[in-house]
Amino acid sequence: PVAAGARARVDRARARSRSPRSQRASWHGHARTDLRPETTFLARASPRAVVRRGSREDDPAPAEELDFITRMVVKVFGQDALDDPEPMGLKRMSKEEWPDQWPALCDGTAADALASDDTEELVMIRAVLKQTQLEYMPLGIAYDAATHGWRASSFHTQCDGQGAALLVAESTSGIVFGGYNPKGWLGYGEWLDAISAFLFVFDAKKKTSGKMSFSKLGKTGGSGMAIIDEDGKGPKWGPDGLSVDLENRLARSRLGTYYATRANGSKSLFGDQNGSAVQLKSLRVYVSLGDSEKAKNYEPNMFQWKKGELEAIRARDPDNRDATEEGAEEDDEKSEGFKFPWQR
């Protein structure tokens, strides 16, 4: 009887294996088909959802994978939030208003020269400033190594506190290269985050519409350690992307770790044939000659210092307080009236 029961169970199992599979959901790559179309759901292993911008019939825009923040906004406020510039009163940043909040544009698109670009070098370097805060700003030379000296101290004296800057250098072999620093220098020993920082190099052999072609190499691995801002040292983009030794008139470059490699796979800004280091013939740093209207009218948010707040805090520092008290004592000595013994 036991053997007969076991055989019956085997026969039933074989019969089930020959019958069509159940239409219930499988969690391994299949979707339920026994539900209504509007309730069909995908497997856990499905790829990241792609939201279509303007996927309506009157706006057949291609599908675009959105960043994490935008996907969260869509989940909370719905698809229509993408068409509203201020969903629920929350204004989104745009590339036009805040270009340096996005990675550098490295597709070869060039910025147009301005009427104020009155030198050949200004016209040339203006091209690399597409989608930066300096794109539409008149530029001037903050530091010229030939004029101010090949010294890191001179560089910081001229450039610290000047804001976003563009460095352009030329090697003794004729390579024109440089880097964009959206944060500027202060000489406080900081390693600055800057997702829009980039390096660039011009190719004198290739020209587009009569202008030298260029390559822009954007930040890789996130925004961290984009700019190394150390007092007493020359400018550096990443620990090894581009490092300038002003005293020895030497520039070094190693790409691939913090900044993208060149299109041909070269891991040197100067090309494989020139190695990782070159001697410098000239070096200049350009900064904006004024503030944009947005910068002039900018109001600090709740996480930023208001006008005068930081100065008020610094005034209470021990060194500043001692100097203030000494000055007050001197004033008391000059004034008439009752004086304590320690004030006489």
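Me: Buried means under 20% relative accessible area; in this predicted model, what makes E13 count as mostly covered?

Reply: Nine of the 12 residues of E13 are buried, and each of those nine therefore has a relative accessible area under 20%. The strand spans residues 277–288. For the protein as a whole, 31% of the 344 residues count as buried.

Me: How do you know that E13 pairs with E3, and in which sense, parallel or antiparallel?

Reply: A pairing needs at least two bridges between the strands; E3 and E13 have five bridges, in the antiparallel sense, and they therefore meet the criterion. Within this pairing, Ile141 has Tyr286 of E13 as its bridge partner.

Me: Which sense and how many bridges describe the pairing of E4 with E13, and how many bridges does E12 make with E13?

Reply: E4 pairs with E13 in the antiparallel sense over seven bridges, with Val168 placed opposite Arg284 of E13 as its bridge partner. E12 and E13 are also antiparallel, over three bridges, and here the bridge partner of Ala251 is Val278 in E13.

Me: Why is the set of 35 residues called a nonpolar core?

Reply: The name requires buried residues of the nonpolar kinds, from Ala to Cys, that are joined through side-chain atoms within 4.5 Å. The largest such set has 35 residues, and those with the most contacts inside it are Phe177, Trp237, Leu242, Tyr259, Leu283 and Val285. Two or more residues each come from strand E3 (139–144), helix H5 (152–159), strand E4 (165–171), strand E7 (198–208), strand E11 (242–245) and E13. The largest share, five residues, is that of E13. A second core, separate from this one and made of 18 residues, includes Ala104, Tyr180, Phe198 and Tyr286.

Me: What makes one face of E11 the covered one, and which residues lie on the other?

Reply: Leu242 and Val244 form the covered face of E11, whereas Ser243 and Asp245 form the uncovered one. In a regular strand the side chains alternate between the two faces of the sheet. On the covered face, Leu242 is in contact with residues distant by more than four places in sequence, among them Phe177, Leu199, Ala251 and Phe270, while Val244 has Ala251 of E12 as its bridge partner. On the uncovered face, Ser243 stands opposite Lys236.

Me: How do you know that E11 pairs with E10 as well as with E12, given that at least two bridges are required?

Reply: Two bridges join E10 (residues 236–237) to E11 in an antiparallel arrangement, and three join E11 to E12, again antiparallel; both pairs therefore satisfy the requirement of at least two. In the hairpin of E10 and E11, with four residues between the strands, Gly238 has a positive phi near 70°. The hairpin of E11 and E12 likewise has four residues between its strands, and Arg249 in the turn takes a positive phi of about 50°.

Me: Why is Ser266 called buried, and where does it lie?

Reply: Its relative accessible area is 1%, which is under the cut-off of 20%, so Ser266 is buried. The residue sits in the loop between strand E12 (250–252) and strand E13. Beyond four places in sequence, Ser266 is in contact with Leu255, Thr261, Gly271 and Asp272.

Me: What makes the pair formed by Ser266 and Ser268 a polar contact?

Reply: A polar atom of the Ser266 side chain lies 3.2 Å from the backbone oxygen of Ser268, and this distance is within the limit of 3.5 Å, so the pair meets the distance criterion.

Me: Why is Pro99 called buried or exposed, and which residues does it touch?

Reply: Pro99 has a relative accessible area of 10%, under the cut-off of 20%, and is therefore buried. It lies in the loop between H2 and helix H3 (120–126). Not counting residues up to four places away, Pro99 touches Ser94, Gln131, Thr132 and Gln133.

Me: How do you know that the buried residues of H2 lie on the same side of the helix?

Reply: The buried residues of H2 (residues 68–77) are Thr70, Arg71 and Val74. They cover an arc of only 100° around the axis, which puts them on the same side of H2. The face turned away from that side carries the exposed residues Phe68, Ile69, Lys75 and Val76.

Conventions
Residues numbered from 1 in each chain as written. Predicted model: local features only at pLDDT ≥ 70, side-chain atom pairs only at ≥ 80, totals over all residues. Heavy atoms only, no water. Buried < 20%, exposed > 50% of the residue type's maximum accessible area, 1.4 Å probe, protein only. Polar contact = N/O pair within 3.5 Å; in protein donor to acceptor, adjacent residues only side chain to side chain. Contact = heavy atoms within 4.5 Å. Arc of directions from axis to C-beta.
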